[in-house]
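Reader: Hi, I have a structure open and would like some help reading it. Could we go through it together, one topic at a time?

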Amino acid sequence: MTTDITPLSKPRSLFVSVIRWFDSWAGLDQMGTCTKAARVDWIRCLPFFAVHAMCAGVIWVGWSWTAVAVCIALYGVRMFGITGWYHRYFAHRSFKTSRWCQFAFAVLGASATQRGPLWWAGNHRQHHRFSDQEDDPHSPILRGFLWSHIGWITSRVHYAPKLKLVHDLVKYPELRFLDRFDTLVPTLLGAALFFLGVALEHFAPSLGTTGPQMLIWGFFISTTLLLHGTCTINSLTHLIGRKRYVTGDESRNHWLLAIITMGEGWHNNHHYYQPSARMGFYWWEIDLSYYVLVMMSWLGLVWDLTPVPEHVRESGQIGVGTAA
């Protein structure tokens with residue numbers, strides 16, 4: 001059932017939208033499930049659009065192997081923060097860890113600039129409860145590719161964190177803090193990258209990088225690539241690939257998307273058996289996030305990684321769909 005948000009006066013609405021650049025829970029009591037799902041809060045989304053626009057700064061700052069290497073490294077490390085932690089840990093609780101490790105990797109996930117852990121996990125749990133049905137936040141089957149890929153993120157209806165769906169996470173004040181002030185970690189990362197570039201320009205000029213160049217490549221370009229890489233799972237893995245299992249939705253497996261997202265492309269596998277920490281069910285299905293989690297388990301940082309039981313893996317296979 002949907003209900004409209006409590007209306008705000010236009011001046012107050014604009015003010016709240018600006019405040020949400022810094023405090024995403026501002027006006028939380030005024031948020032609800034809006035019937036106008038496609039309505040965009042353009043003021044609130046200005047930083048989102050600015051991140052994309054800043055990528056054009058490469059025209060002025062140029063490039064260096066150092067800046068490109070940092071861009072790629074931060075893509076991979078932060079993708080693991082999303083896939084290994086925001087998704088497999090916070091959304092699905094597919095393994096266990098300590099509280100300090102939980103917080104550390106929540107910070108890593110937050111650095112990806114994809115909102116806070118409560119917002120991310122709540123929307124993902126909603127997706128699984130209603131996959132490709134009316135209440136799915138980002139079904140391409142119902143609302144098309146652009147909506148599922150990026151449109152739903154800008155919609156007012158999906159702005160508020162779904163706290164009732166993450167009651168197991170809300171009890172941690174540090175996670176509530178990260179979720180509420182979700183631009184803090186990305187801002188600190190961007191500043192750190194700028195000053196890293198300044199330091200390298202001064203102490204290692206042979207590397208050919210600068211503060212602005214490191215900021216553009218290390219933060220803006222890397223973050224934009226990371227966002228759209230992640231979003232392919234919401235959009236493309238319900239449109240292209242192979243369906244190994246009957247799941248009641250259009251989730252599919254695609255090897256290339258699994259490479260781009262460190263294992264998330266085995267989406268049909270995941271929808272068939274969601275508790276598993278491993279999404280590549282077979283040895284030939286590359287799942288980099290799972291490999292990293294296994295190595296972390298050797299160090300005692302995580303434990304009780306939920307496996308895929310053989311009887312589950314071998315059951316319900318249908319093997320139909322488009323070529324992957």
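Author: Gladly, and please keep in mind from the start that this is a predicted model. A good place to begin is with the charged side chains, where the count comes to 13 salt bridges.

Reader: What lets side chains pair up like that in general?

Author: Side chains of opposite charge can pair when their charged atoms come close.

Reader: Okay, so which residue does Arg-244 form a salt bridge with?

Author: Arg-244 pairs with Glu-285, and the closest N and O atoms of the two are 2.6 Å apart. This pair links distant parts of the chain, with Arg-244 in strand 2 (residues 242-245) and Glu-285 in the loop between helix 14 and helix 15 (288-298), 41 residues apart.

Reader: And is Arg-244 buried or exposed?

Author: Arg-244 is buried, and so is Glu-285.

Reader: What about Glu-250, which side chain does it meet in a salt bridge?

Author: One partner is Arg-252, whose side chain meets that of Glu-250 with an N to O distance of 2.9 Å. Another is Lys-243, which forms a salt bridge with Glu-250 where the closest N and O atoms are 3.6 Å apart.

Reader: Why does Lys-243 count as buried?

Author: Lys-243 counts as buried because its relative accessibility is 13%, and buried means under 20%. Arg-252 is buried as well, with a relative accessible area of 12%, whereas Glu-250 is partly exposed at 26%.

Reader: Which residues are linked in a network of salt bridges?

Author: Arg-88, Glu-264 and Asp-287 are linked in such a network.

Reader: Switching topic, where is His-267?

Author: His-267 is placed in helix 14, which covers residues 267-272. His-267 has a relative accessible area of 2%, so this residue is buried.

Reader: What is His-267 in contact with, leaving aside its neighbours within four places in sequence?

Author: With those neighbours left aside, His-267 is in contact with His-127, Ile-233, Thr-237, His-238, Ser-251, Arg-252 and Asn-253. You have met Arg-252 already, as the residue whose side chain joins Glu-250 in a salt bridge.

Reader: Now for empty space: how much of it lies in the largest pocket?

Author: The largest pocket holds about 920 Å³ of space. Its lining is made up of 46 residues, and those closest to the centre are Phe-48, Thr-113, Gln-114, Arg-115 and Leu-227.

Reader: Which helix gives the most to the lining of the largest pocket?

Author: That is helix 12, which gives 10 residues to the lining. Several helices each supply at least two residues, including helix 2 (46-53), helix 4 (65-91), helix 6 (117-129) and helix 12 (211-235).

Reader: And what does the lining of the largest pocket have by class?

Author: Sorted by class, the lining has 22 nonpolar, 19 polar and 5 charged residues.

Reader: You listed Thr-113 there, so where does Thr-113 lie?

Author: Thr-113 lies in the loop between helix 5 (99-110) and helix 6, and its relative accessible area of 30% makes Thr-113 partly exposed. The backbone deserves a look too, since phi of Thr-113 is near 65°, a positive value in a residue other than glycine.

Reader: Why point that out?

Author: Most residues other than glycine have a negative phi, so a positive value is worth pointing out. Arg-93 is another case, with phi near 50°. The place of Arg-93 is in the loop between helix 4 and strand 1 (96-97), and at 31% relative accessibility Arg-93 counts as partly exposed.

Terms used
Residues numbered from 1 in each chain as written. Predicted model: local features only at pLDDT ≥ 70, side-chain atom pairs only at ≥ 80, totals over all residues. Heavy atoms only, no water. Helix = DSSP H or I, 4+ residues; strand = E, 2+ residues; numbered from the N terminus. Buried < 20%, exposed > 50% of the residue type's maximum accessible area, 1.4 Å probe, protein only. Contact = heavy atoms within 4.5 Å. 1 Å grid on protein atoms, 1.4 Å probe; cavity = no way out; pocket = protein on both sides within 12 Å on 5 of 7 lines; lining within 4 Å. Points joined across faces, edges and corners; volume = space filled by probe spheres on them. Nonpolar A, V, L, I, M, F, W, Y, C, P; charged D, E, K, R; others polar. Salt bridge = Lys/Arg side-chain N within 4 Å of Asp/Glu carboxyl O.
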